[in-house]
Amino acid sequence: MSPDQKDSLPERIPTHVGIIMDGNGRWAQARGLPRLAGHRAGTENLRRVIAACIEFGIKYLTIYAFSTENWARPTDEVQGLLKIFESVIDNELQELYDQGVQLRHLGRLDRLKPDFRAKVLKAIEFTRQNDRLVLNIAFNYGGRDEIVCAIQAMIRDGVDADAVNDELVSQYLFTAGIPDPDLIIRTSGELRASNFLIWQGAYSEWYFPATYWPDFDRQELLRALHEFSQRQRRYGLTGEQIKTQKKKKQA
Ligand code: IPE
Ligand code: IPE
Ligand code: MG
């Protein structure tokens with residue numbers, strides 16, 4: 001990024017950004033701290049990134065907070081993560097509301113204790129009318145699990161096999177009504193999807209900064225947006241076809 005680009009916003013901003021918030025454990029390890037300290041630092045960072053998304057005019061932010069596979073981590077870590085998630089709802093809800101954030105949950109709530117589940121549903125209801133930023137929290141989320149749920153629901157609804165198409169499947173996913181992510185960021189240098197938005201991310205642009213999630217700040221997000229604005233999304237067409245389309249649109 002050139003110095004004059006550093007603080008300016010690119011013209012083309014993604015509508016929907018997905019983030020795999022990875023590297024909390026390594027961030028903590030590098031400081032001789034327990035893994036949960038990394039998760040707490042990661043949660044703190046989320047507040048900053050939400051504020052930056054609002055500032056930059058991003059409309060949808062989906063964060064990967066806990067995967068269906070993360071249950072297999074040591075019990076202490078899983079319990080700690082559940083506690084952090086609960087404390088975010090207890091302590092941050094009003095501030096999120098005041099910022100105009102609409103909360104949504106992606107995944108299954110059935111493994112959570114009933115009072116915790118009720119708290120999550122209440123928070124979602126509380127922010128339902130907000131529209132500045134839709135914040136999807138993928139918690140106990142797995143892309144394959146989401147597709148399995150969708151197939152089960154379609155069968156239960158008696159959907160005709162011939163009626164199944166891309167659009168219908170999308171309507172049965174946890175993300176129904178939400179546009180597909182334009183940009184997916186995975187922090188910490190890992191280069192894989194780990195079961196995140198595997199259907200919705202079919203044509204997303206990916207960005208892999210080496211930074212651990214607790215250190216991924218406003219400036220890093222801005223860098224990701226600049227990188228995104230340089231990409232040409234072709235959706236199977238040729239570069240020439242895209243240029244022609246663009247010219248037609250401008251005319
Ligand atoms: C991501 O950080 C947060 C969760 C998976 C909940 P990690 O905990 O995976 O951090 P690393 O990959 O061990 O550094
Ligand atoms: C993916 O990160 C899940 C979240 C960030 C919540 P992981 O750290 O669990 O993924 P793997 O195991 O390295 O693929
Ligand atoms: Mg990890």
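I began at ligand 2, where one of the oxygen atoms lies 3.2 Å from an N or O atom in the side chain of Arg 73. A note to self before going on: this is a predicted model.

**Entry: other polar contacts of ligand 2**
I looked for more partners and found Asn 70, with a polar side-chain atom 2.9 Å from an oxygen atom of the ligand. I also noted Arg 186, whose side chain places an N or O atom 3.3 Å from an oxygen atom of ligand 2. Next I checked the cover: ligand 2 alone exposes 390 Å², and the protein buries 77% of that.

**Entry: the shell of ligand 2**
I listed the surrounding residues, among them Ile 20, Met 21, Asp 22, Tyr 64, Ala 65 and Phe 66. Arg 192 and Ser 194 are on the list as well. By class I have five nonpolar, two polar and four charged residues. Which element gives the largest share of this shell? I found that strand S2, residues 60-67, does so with three residues.

**Entry: over to ligand 1**
Arg 73 turned up again here: an N or O atom of the Arg 73 side chain is 2.7 Å from an oxygen atom of ligand 1. I then looked at the backbone and found a polar atom of Asn 24 at 3.2 Å from an oxygen atom of ligand 1. Gly 23 also offers a polar backbone atom, 3.4 Å from an oxygen atom of the ligand. On its own, ligand 1 has 380 Å² of accessible area, and the protein covers 86% of it.

**Entry: the shell of ligand 1**
I have 13 residues around this ligand, and Asp 22, Gly 25, Arg 26, Arg 35 and Arg 73 come nearest. Asp 22 is thus in this shell and in the shell of ligand 2. Sorting by class gave me three nonpolar, five polar and five charged residues. Helices H1 (24-30), H2 (35-56) and H3 (75-98) each supply at least two of the shell residues, and H1 gives the largest share with three.

**Entry: which pocket?**
I asked where the ligands sit. Ligand 2 is in the largest pocket, and the space taken by ligand 1 is the largest pocket too.

**Entry: stepping back to the chain**
I counted eight helices and six strands. Reading from the N terminus, I wrote down the order β-α-α-β-α-β-α-β-α-α-β-β-α-α. The radius of gyration is 19 Å, close to the 18 Å from the globule rule for 251 residues, so I put the chain down as being as compact as a globular protein of that length. Along the principal axes, the C-alpha atoms fill a box of roughly 55 × 55 × 35 Å.

Key:
Residues numbered from 1 in each chain as written. Chains lettered and ligands numbered in written order. Predicted model: local features only at pLDDT ≥ 70, side-chain atom pairs only at ≥ 80, totals over all residues. Heavy atoms only, no water. Near = heavy atom within 4 Å. Polar contact = N/O pair within 3.5 Å; in protein donor to acceptor, adjacent residues only side chain to side chain. Areas by Shrake-Rupley, 256 points an atom, 1.4 Å probe, with all protein chains shown as cover. 1 Å grid on protein atoms, 1.4 Å probe; cavity = no way out; pocket = protein on both sides within 12 Å on 5 of 7 lines; lining within 4 Å. Sits in = over half its atoms within 2 Å of the grid points. Helix = DSSP H or I, 4+ residues; strand = E, 2+ residues; numbered from the N terminus. Nonpolar A, V, L, I, M, F, W, Y, C, P; charged D, E, K, R; others polar. Rg over C-alpha atoms; globule rule 2.2 N^0.38 Å.
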